[in-house]
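Dear colleague,

Here is the structure I promised to hand over, with my notes on strand pairing and internal space set out below it. Please read them with the model open beside you.

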Amino acid sequence: MMSKINKLWSFVFALTSALTLSGLSENTQAQEYPNKPIKMIIGYSAGGAADKLIRPIAERTAKIIGQPFIMEYRPGAGASIALDLIAKADPDGYTLHITDSGPMVILPNLRKLAYDPLKDFTNIAMIAGGGTVIVVRPDSPAKDIKTLIALAKKDPSKWSYGTSGIGGVGHLAGEQLNKRENLNITHVPYKGGNPAVVEVLGGHVPFLFSSLGSAATQLEAGTLKPLAVTSLKRSVMLPNVPTLDESGYKGFDAAIWFSIVGPKGLPAEVMAKLVPAFNEVMKDPAVIKGINVDGYDMMPMTPGQMDDLVKKDLAHWGKIIKDANVRDE
């Protein structure tokens, strides 16, 4: 009888120990986040503005948290494919995304999407923001923005504009200009800023609403010519290039911001590692200089402030889309 009781107690003790160790193991794993590489999803092609912005940030953040970031490109549908992927990812902190205001606050006003920007994501860190730049080849007959618009009005069949994708700030800026100046020029979307730049360089599209980051190299080399920027404030990268507002189109404002998000429900211990790490990196003078060189301004924000920005900009772009009668393509 005693032997059976002893065996029973031995079994209970072993089971209790196993459960305790399992719980300790799970707690240890949570405390040890991250213990493997982290995927950073990019919704555009390699070489575009998002890619150029995130790489130095990810490299420095990896040194702080002790794990590398693996870049994964998922371009298409105005970067909404990547954002939908994030919405459906496991909220374990191992799949993050550099997104921008296009798929977050513009596209939801244009079409029904599989994700809700207010409910399906965890805002982690704001990177930077700024306008887009209207660029042409140096041999273009459009020598300034006034000339471009005059030429487009005279013969709209010869003029179209490229962007990094449907629903981005460039697309919306183009449609605003169409509406405001009674133009009838066609939008040509590409799968990212870099392919769009290649197309305008090759003469396949007359002009481009480009993110400053995507056009930076060509602008510096002189192979692209800037005509105007779409933000109310001049770009730090192009201080001599006028804004559309300064060029006679009063109140014209189309700016973009970039941020890092994860799936809804990221654990507190994950946020406790990521948020301070990204914030520290965003104070690095070399990172700030690189962001400024690409034409963007720093936008320090807490996750809570980012939540408020998304809500505010959804309403802001919704009104502009309605007023400009912008239609999805």
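Strands S5 (residues 160-163) and S6 (residues 186-189) run parallel and are joined by 4 bridges, where strands are DSSP E runs of at least two residues and helices are H or I runs of at least four, numbered from the N terminus, and two strands pair if DSSP finds at least two bridges between them. Between these strands the chain passes through helix H6 (residues 169-180), in a β-α-β crossover that is right-handed, that is, clockwise from the first strand over the helix to the second when the strands point away from the viewer. Ser160 has Thr186 of S6 as its bridge partner. S5 also pairs with strand S7 (residues 207-211), again in the parallel sense, over 2 bridges, and here Tyr161 is matched with Phe207. Both faces of S5 are covered, with Ser160 and Gly162 buried on one side and Tyr161 and Thr163 buried on the other (buried means under 20% relative accessible area with a 1.4 Å probe, protein chains only).

The model is predicted, so local features need pLDDT of at least 70 and side-chain atom pairs count only at 80 or more, while totals for chains, interfaces and linings use all residues. Residues are numbered from 1 along each chain as its sequence is written, and side-chain values use heavy atoms, with hydrogens and water left out.

On empty space, a search of the whole structure finds 1 cavity of 30 Å³ or more (on a 1 Å grid over the protein atoms alone, a cavity is a set of points where a 1.4 Å probe fits but cannot get out, a pocket is an open set with protein on both sides within 12 Å along at least five of seven lines, and lining residues have an atom within 4 Å of a point). The largest cavity holds about 190 Å³, and among its 20 lining residues Tyr44, Ala49, Ser164, Ser211 and Ile256 lie nearest its centre. S7 gives the most to this lining of the largest cavity, with 4 residues.

The largest pocket holds about 370 Å³ and is lined by 24 residues, of which Gly130, Ser231, Asp253, Ala255 and Ile256 lie nearest its centre. Helix H11 (303-323) is one of the elements giving two or more residues to that lining, and its 5 residues are the largest share. The second largest pocket has about 160 Å³ of space, and strand S4 gives the most to its lining, with 3 residues.

With best wishes

Key. Buried means under 20% relative accessible area, exposed over 50%, partly exposed in between (1.4 Å probe, protein chains only). Grid points are joined across faces, edges and corners, and a volume is the space filled by probe spheres set on the points.
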